[in-house]
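Hi,

Here is the structure I promised to pass on. Have a look at it first, and my notes on what turned up follow below.

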Amino acid sequence: MKVLKFGGTSVGSAQRMRDVARLICDGNQKIVVLSAMSGTTNSLVEISDYLYKKNHDGANEVINRLAEKYAGVIHELYSTQEYKDKANELITCYLDYIRSLVKDLFTLFEERVILAQGELMSTGMMNLYMNETGVKSVLLPALDYMRTDKNSEPDPVYIKEKLTDLLEKNPDADLYITQGFICRNAYGEIDNLQRGGSDYTASLVGAAIQAGEVQIWTDIDGMHNNDPRVVDHTSPVRHLNFDEAAELAYFGAKILHPTCILPAKLNNIPVRLLNTMQPDAPGTTISNEMEKGKIKAVAAKDNIISIKIKSGRMLLATGFLRKVFEIFETYHTPIDMVTTSEVGVSVTIDNPKHLDEIVNNLKKYGTVTVDKEMVIVCVVGDLEWDNIGFEAKIISALKDIPVRMISYGGSNYNVSLLIKSSDKKRALQALSKHLFH
């Protein structure tokens, strides 16, 4: 059985829902994971924001706009009055529930409940549409099987057990439709998977049922070998190793979250990135296989801050790096890149929230220099150290661009380079020209 995930834009209108229905109805049994309709989650966040501020009129105004939007989609999507009435009743029920939360006491718990309604509405509407067209589809409520533990990590044993029970109760269904993103936490409260969202759900479901394949359907033809917003004539990468895909996702390829495919990787389940607008395009296949000696793609991560700590006392001083990294740990600030020398260490971060406190603490150990408005450019592929020549190609491409840091060796799949934001476009274009053309 395959698992297919469709994002918000793929179910963002009545026509898009019909397009998805045609894609999933091929006679093969499958599990379909859906996000909320595009724009819905933003509206639910806005409602929550008003309720935190105790602006009940503002919250009700956004709810009314949502009701009007969904009424229009329902009128266009369903062909019979019976199913229009069913869909209107369904959506009214969810929106009335949100209205019931418009009260004086509003906490993170109520916010999570509100955010969950988007996926519940989209899956309910799709299930009704499939039933109207004669397809035997069954809803698998994610809140009945998707759970995280006390560390907010998915509980794979629980997920597999509960999901298997739900499937066994409906063995003859043509389709199983379920919600992405939402779950319950270890205390039984409505929560969400946060990172990766619906993609993470699809990967977890695929691992639980040992799926033959997980498909992530979006509005772009797979991962490209460079940023198409900056570089002309980019092309989709047809095959990536899981580690290559994770590196690209972490360093700027927004099509995929870096952690969401980990369950598929661990269970050796291939993941395909496909385009709902071009369903016949091959997209990108991600698996544990590796194409030897090949550079696959370039990505860039913006809004990077470089911090350099220079200290004559560092030479032969044990514990220096530990003290430096403990400062970042204290302020819950992850580090992206690290380079060291005899007299100093340079690191990069992408979260400026505690920058002033971090810098003040680092000054205990040396002279601190901060560079803002930087970009990490990463080159990804099979970059084993004995693959002679790839470093020269990368450096040669950037011979006219000042490079602040270079990091290689922590991964066999990535070379990272730190440059100024103003040089990003030139750098990406130069790398494309030298590596792919």
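Ser407 has Ser416 in strand 16 as its bridge partner. This is a predicted model, by the way, so please read everything here in that light. Strand 15 and strand 16 (residues 414-420) run antiparallel, with three bridges joining them.

That pair belongs to something wider: an open sheet of six strands, ordered 12-13-11-14-16-15, with antiparallel pairing. Which strands stand at the edges? They are strand 12 (338-340) and strand 15 (405-407); each has a single partner strand, so one side of each is left without a neighbour in the sheet. Ignoring direction, neighbouring strands here are turned by 25 degrees against each other on average.

The sheet also has a helix packed on it, namely helix 13 (residues 424-436). Helix 13 touches strand 11 (295-310), strand 14 (367-381) and strand 16, and its direction makes about 140 degrees with that of strand 11.

Now for a helix pair. The axes of helix 1 (residues 14-24) and helix 3 (residues 56-77) come within 9 Å, crossing at roughly 50 degrees. The two are therefore oblique to each other. On the helix 1 side, Ala14, Gln15, Met17 and Arg18 make the contact, and helix 3 contributes Val73, Glu76 and Leu77. What does that contact of helix 1 with helix 3 look like by class? It has four nonpolar residues, one polar and two charged.

Cheers

Conventions:
Residues numbered from 1 in each chain as written. Predicted model: local features only at pLDDT ≥ 70, side-chain atom pairs only at ≥ 80, totals over all residues. Heavy atoms only, no water. Axes fitted to C-alpha atoms, helices over the stretch in contact; angles between N-to-C directions. Helix = DSSP H or I, 4+ residues; strand = E, 2+ residues; numbered from the N terminus. Parallel < 35°, antiparallel > 145°, perpendicular 65-115°, else oblique. Contact = heavy atoms within 4.5 Å. Nonpolar A, V, L, I, M, F, W, Y, C, P; charged D, E, K, R; others polar. Pairing = 2+ DSSP bridges.
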